[in-house]
Amino acid sequence: MRTFAFTTSRGEPRIGVVYDKRRFDFTRIWQIFKEIKSSPRTPDYHFLQIMIEMENFSDKVITEVIEEVKDFRGLDDLVIRGEITYDLPIQRPSKILCMARNYRKHAEEFDHDVPTKPIFFAKLPSALLPHEGTIQLPSDIGRVDHEVELAVVIGKTASRLRPDEAMDVIAGYTIANDISARTMQKEASSKGEPWTLCKSLNTFLPIGPYLIPSDAVDDPHALAIELTVNDETKQKSNTKYMIFNIPDILSHMSHYITLVPGDIICTGTPEGVGPIKAGDLIQAKIEGLGVLRNYVAAM
Ligand code: MG
């Protein structure tokens, strides 16, 4: 089940779902479902995140809601028609934590040692950019790179998780592109300065287009992952090559930092990172999760 957030041509924020190969207005389906159940509740803009916080974001629940409404009154008038603007599937994460050097060949391409324990850093939520948004490159910041990554969205409050508990706190998965101001990052690293700025410029974290419930992904450690720039393949790997798997990542992070619903965890990028420039079309693809498409412009 693919869920997404969007704004209609009339400017109304909505949630969409891909069902039976068509896109449907899930906000309306949910409203009708609630009316059938005589428990009216108007979803708001952050509906997907609210579903996660209420622990009812799952392939099973969404399918049941759609099929009950389908049986009750049909779905034909709930197909999404016309132009839509994709919004962020998660609008208000409390935090975004990202793995550094979690694919051996990526560590090697920058002559780094392969880490023996997880290394992670934070990106600021203000860097988020939706599907089809434009990455804005300030002038004079030097090289800026793409980094396609599998992103995990947290579904339950979690602290000091054991690895065997970790998969149960995941709400879903999406695609992230950890855009990195590489020249700034190298300068910061050489001086022992933090990465906050080089990783968190505005628009430097495209995510989306879909949020896929965790129960719809059989094995997140066996997904083809790829990125193209102007249709030329730059990164091509598989999530099975992560050095630290998702349970180890969540166990390590939650040992020190409490994870809460809506938090986004980027699991690291494979080899092949490289520069982007104004005019480029960047497409990040993960098997079963769709294609995250973004444009690049100078500002
Ligand atoms: Mg990265």
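**Strands, helices and a magnesium site**

Q: How many bridges join strand β18 (residues 281-286) to strand β19 (residues 290-298)?
A: In this predicted model, β18 and β19 run antiparallel. One of their pairs puts Ile286 opposite Gly290 in β19. The number of bridges joining the two strands is 6.

Q: Which strands sit at the edges of the sheet ordered β8-β19-β18-β14-β15?
A: This is an open sheet of 5 strands with mixed pairing. An edge strand here pairs on one side only. That picks out β8 (134-137) and β15 (232-238).

Q: What does the twist average from one strand to the next in that sheet?
A: The sheet runs in the order β8-β19-β18-β14-β15. Going from one strand to the next, the twist averages 20°.

Q: Why is one side of β12 (180-181) and of β17 (274-275) left without a neighbour in the sheet?
A: These two belong to an open, antiparallel sheet of 3 strands, ordered β12-β9-β17. Both stand at the edges, so one side of each lacks a neighbour in the sheet. What it comes down to is that each has a single partner strand.

Q: Which residue in β17 is the bridge partner of Asp145?
A: Strand β9 (residues 144-146) and β17 run antiparallel and are joined by 2 bridges. Asp145 takes part in this pairing, and across from it in β17 sits Pro275.

Q: Which residues coordinate the magnesium ion?
A: The donors follow the spacing E-x1-E-x28-D along the chain. Their distances to the ion are 2.0 to 2.1 Å. Both glutamates are buried. Going by name and donor atom, the ligands are Glu147 (OE), Glu149 (OE) and Asp178 (OD).

Q: Are Glu147 and Glu149 buried or exposed?
A: Each of these glutamates gives an OE donor to the magnesium ion. Buried means under 20% relative accessible area. By that cut-off, both Glu147 and Glu149 are buried.

Q: Why is α1 described as largely enclosed by the rest of the structure?
A: The buried residues of α1 include Phe26, Trp30 and Phe33. Their cover includes β2 (13-19), β3 (22-25), α2 and α3. The description follows from the count, because the buried residues of α1 number 8 of the 11.

Q: How are α1 and α3 oriented to each other, roughly parallel or roughly perpendicular?
A: Helix α1 (residues 26-36) packs on α3 with the axes 9 Å apart and at an angle of about 70°. Residues meeting there include Phe26, Ile29 and Trp30 from α1, and Ile62, Val65 and Phe72 from α3. Angles of 65 to 115 degrees count as roughly perpendicular. The two helices are therefore roughly perpendicular.

Q: Which residue reaches a side-chain oxygen to the backbone nitrogen of Thr27?
A: This contact is at the start of α1. Thr27 is one of the buried residues in that helix. The oxygen comes within 3.1 Å of the nitrogen, and its owner is Asp25.

Q: What phi does Ser38 take?
A: Ser38 comes just after α1. Its phi is positive, at about 55°.

Q: How far is the backbone nitrogen of Val61 from a polar atom of the side chain of Ser58?
A: Ser58 is in the loop between α2 (47-53) and α3 (59-73). Not counting residues up to four places away in sequence, Ser58 touches Pro213 and Asp215. From a polar atom of the Ser58 side chain, the backbone nitrogen of Val61 lies 3.0 Å.

Q: What is the relative accessible area of Ser58?
A: Buried means under 20%. Ser58 counts as buried because its relative accessible area is 16%.

Methods: Residues numbered from 1 in each chain as written. Predicted model: local features only at pLDDT ≥ 70, side-chain atom pairs only at ≥ 80, totals over all residues. Heavy atoms only, no water. Helix = DSSP H or I, 4+ residues; strand = E, 2+ residues; numbered from the N terminus. Buried < 20%, exposed > 50% of the residue type's maximum accessible area, 1.4 Å probe, protein only. Polar contact = N/O pair within 3.5 Å; in protein donor to acceptor, adjacent residues only side chain to side chain. Contact = heavy atoms within 4.5 Å. Donors = N, O, S within 2.8 Å, 3.2 Å for Na, K, Ca; no water. Pairing = 2+ DSSP bridges. Axes fitted to C-alpha atoms, helices over the stretch in contact; angles between N-to-C directions. Parallel < 35°, antiparallel > 145°, perpendicular 65-115°, else oblique.
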